[in-house]
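Open the model in your viewer and switch to a cartoon display. The tour below says what to select at each stop.

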Amino acid sequence: MNQTMKRAQQGFTLIELMIVVAIIGILAAVAIPAYSAYQAKAKATAGLAEVAAGKTAMEEKLNNGETVAAQTDIGLQAKTQNCTIAATGGADGVASIACTLINAPAAVNGKILTWARDAAGAWTCTSDGPADLMPKTCPGV
C-alpha cells in the first residue's frame, strides 16, 4: 500500500482558515449595520409609546377647558429611560406632547417625536428624525 494513502489529514490548511475568516467578516459587515438600524427603530418606537399615553389625559383636560403647562399635568414623567418629555395645551384646544430621544443610537439620539393636536381635535405625529428609522405613525424627514 502506498504510504501517502495511509496518512490522515492532520488539520485545516491555511487557505481553508482564511476562507472561513473572510466569510465571517462579510457576514459581520452586513449584520452590524442592520442591527444598529433595528436598535434605532426600537428606541424611537419605545419613545413614541411613552408619550402616546398622555394623549388621553390631554384630551380630558382640554375638553374640560383646562390648560396643560407641563407633562406632569397629564400624568407623564419629565424624563424616562427613552426620552425627555414636554407637554403643553391651551384653552383653545391646541396642544403638543414631545419626546426628545435619549440613551439612543447616534442616528436617532436627540431627535424629537411630537404629537400635536389642532383646535379641531385631530392628532398628528411628526419627527425630525430619519424617515426610515422612525415609526410609520410618526414619519420623519
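Contact means heavy atoms within 4.5 Å of each other. This is a predicted model.

**The sheet.** Select the four strands, which form an open sheet in the order S1-S2-S3-S4 with antiparallel pairing. Strand S1 (83-89) and strand S4 (123-127) stand at the edges with a single partner strand each, so one side of each has no neighbour in the sheet. From one strand to the next, the twist averages 15 degrees. In general, the strands of a sheet pair through backbone hydrogen bonds.

**One strand pair.** Now keep S1 and strand S2 (residues 95-101), which run antiparallel and are joined by seven bridges. Which residue in S2 stands opposite Cys83? Select Leu101 to see that partner of Cys83.

**The helices.** Add helix H2 (residues 14-52), which lies across S1, S2, strand S3 (112-117) and S4. Helix H2 runs at about 150 degrees to S2. Next add helix H3 (residues 54-63), which also lies across S1, S2, S3 and S4; its angle to S2 is about 155 degrees.

**The core.** Show side chains for Leu48, Val51, Met58, Ile74, Ile97, Val108 and Trp115. Of the 25 residues in the largest nonpolar core, these touch the most other members. H2, H3, S1, S2, S3 and S4 each supply at least two residues of this core.

**One core residue.** Finally, centre the view on Leu48. Leaving aside residues up to four places away in sequence, Leu48 touches Leu113, Trp115, Cys125, Pro135, Thr137 and Cys138.

Definitions and conventions
Residues numbered from 1 in each chain as written. Predicted model: local features only at pLDDT ≥ 70, side-chain atom pairs only at ≥ 80, totals over all residues. Heavy atoms only, no water. Pairing = 2+ DSSP bridges. Axes fitted to C-alpha atoms, helices over the stretch in contact; angles between N-to-C directions. Core = buried A, V, L, I, M, F, W, Y, C linked by side-chain atoms within 4.5 Å. Buried < 20%, exposed > 50% of the residue type's maximum accessible area, 1.4 Å probe, protein only.
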